[in-house]
Amino acid sequence: MQGRRRAVAVVSLLAVALTTACHKPGGDEGDEVQAVVAANTDVVHPQAFTETMGALGIVAPRAGHQATLSAPAAGRVAQVYVTTGQRVRPGQRLVELDQAPFRSAAQAADAALTAAEQAAERQRRLADEGIVPRKDAEAATAEVAKARAEAADAHRAER
């Protein structure tokens, strides 16, 4: 019983201490604290903006607008055939890109295709002899198809 009284006394003292600590000395409960907030303002003015649109293929002009045409792949411009503001005909060449990176990519794709075909043939032979699982030969055949598609894309970009 004595331990319980002591616990009640300690809790009561803590409650009084907390109440005293939380009370603002000399302050009125109705006092308001002004918050300090930094703010930046900008004046907005209506103005025209440039409308940009990227496209590949045929570009149809619109009166009073500009059109932007980009290359199908990143590259260095080797030669420019027209000037700003010059009238152009449909199908007219505007620029020529440096072909060296495209040729290199096509040659690399051809080499990868040859290597994939040789690996597939080797895997097929080993699978026929029961040395490797058939799934390895099938995976090698799939790699040939992938390499063939990449070579076709590289040759298309070369043109």
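Strands, and the helices I will mention too, are DSSP runs numbered from the N terminus, with at least two residues for a strand and at least four for a helix. With that in hand, A74 can be placed in the loop between β2 and β3. This is a predicted model, and local features are taken only where pLDDT is at least 70.

Let me stay with A74 for a moment. A74 is exposed, at a relative accessible area of 78%. Along the sequence, A74 and P101 are 27 residues apart, while their C-alpha atoms are 9.7 Å apart in space.

Now the overall layout. The chain contains three helices and four strands. In sequence order the pattern is α-β-β-β-β-α-α. The chain has 159 residues, and 10% of them count as buried. If we take the contacts between residues at least 6 apart in sequence, 37% of those join residues at least 24 apart.

Next, the loop that holds A74 has a second residue to discuss. Which residue forms a salt bridge with R76? The partner is D98, and the closest N and O atoms of the two are 3.3 Å apart. R76 lies in the loop between β2, residues 68-69, and β3, residues 77-80, while D98 lies in the loop between β4, residues 95-97, and α2, so this pair ties together parts that are 22 residues apart in sequence. R76 counts as exposed, with a relative accessibility of 54%. In the whole structure, a search finds seven salt bridges, and the one between D98 and R76 is among them.

That brings us to the helix pair. Two packed helices are described by the angle between their axes and the distance between the axes. Helix α2 covers residues 100-128 and helix α3 covers residues 134-158. Their axes come within 8 Å and cross at roughly 165°. Because angles over 145 degrees count as roughly antiparallel, α2 is roughly antiparallel to α3. The crossing of α2 past α3 is left-handed. What are the residues in this contact, by class? There are 17 nonpolar residues, three polar ones and eleven charged ones in the contact of α2 with α3.

Some positions along these two helices. On α3 we have A139, which is partly exposed at a relative accessible area of 43%. The C-alpha atom of A139 is 8.2 Å from that of A120, and the two residues are 19 apart along the chain. On α2 there is A119, partly exposed at 25% relative accessibility. The C-alpha atoms of A119 and E143 are separated by 9.1 Å, with these positions 24 residues apart along the chain.

There is also a salt bridge to show from one helix to the other. R148 and E117 form it, with their closest N and O atoms 3.2 Å apart. R148 lies in helix α3 and E117 in helix α2, so the pair ties together parts that are 31 residues apart in sequence. Are these two residues buried or exposed? R148 counts as partly exposed, at 45% relative accessibility. E117 is partly exposed as well, with a relative accessible area of 34%.

Last, a salt bridge inside one helix. The side chains of R124 and E121 meet at 2.4 Å, N to O. Both R124 and E121 lie in helix α2, three residues apart, which is about one turn of the helix. R124 counts as partly exposed at 37% relative accessibility, and E121 counts as partly exposed at 35%. How do these two residues fit into a network of salt bridges? E121 and R124 are linked in a network with D128 and R134.

To go back over the main points: α2 and α3 cross at roughly 165° with their axes within 8 Å, and the salt bridge of R148 with E117 ties the two helices together. The loop between β2 and β3 holds A74, and R76 in that loop pairs with D98 in the loop between β4 and α2.

Technical notes: Residues numbered from 1 in each chain as written. Predicted model: local features only at pLDDT ≥ 70, side-chain atom pairs only at ≥ 80, totals over all residues. Heavy atoms only, no water. Axes fitted to C-alpha atoms, helices over the stretch in contact; angles between N-to-C directions. Parallel < 35°, antiparallel > 145°, perpendicular 65-115°, else oblique. Left-handed = near helix turned anticlockwise from the far one by under 90°. Nonpolar A, V, L, I, M, F, W, Y, C, P; charged D, E, K, R; others polar. Buried < 20%, exposed > 50% of the residue type's maximum accessible area, 1.4 Å probe, protein only. Salt bridge = Lys/Arg side-chain N within 4 Å of Asp/Glu carboxyl O. Contact = heavy atoms within 4.5 Å.
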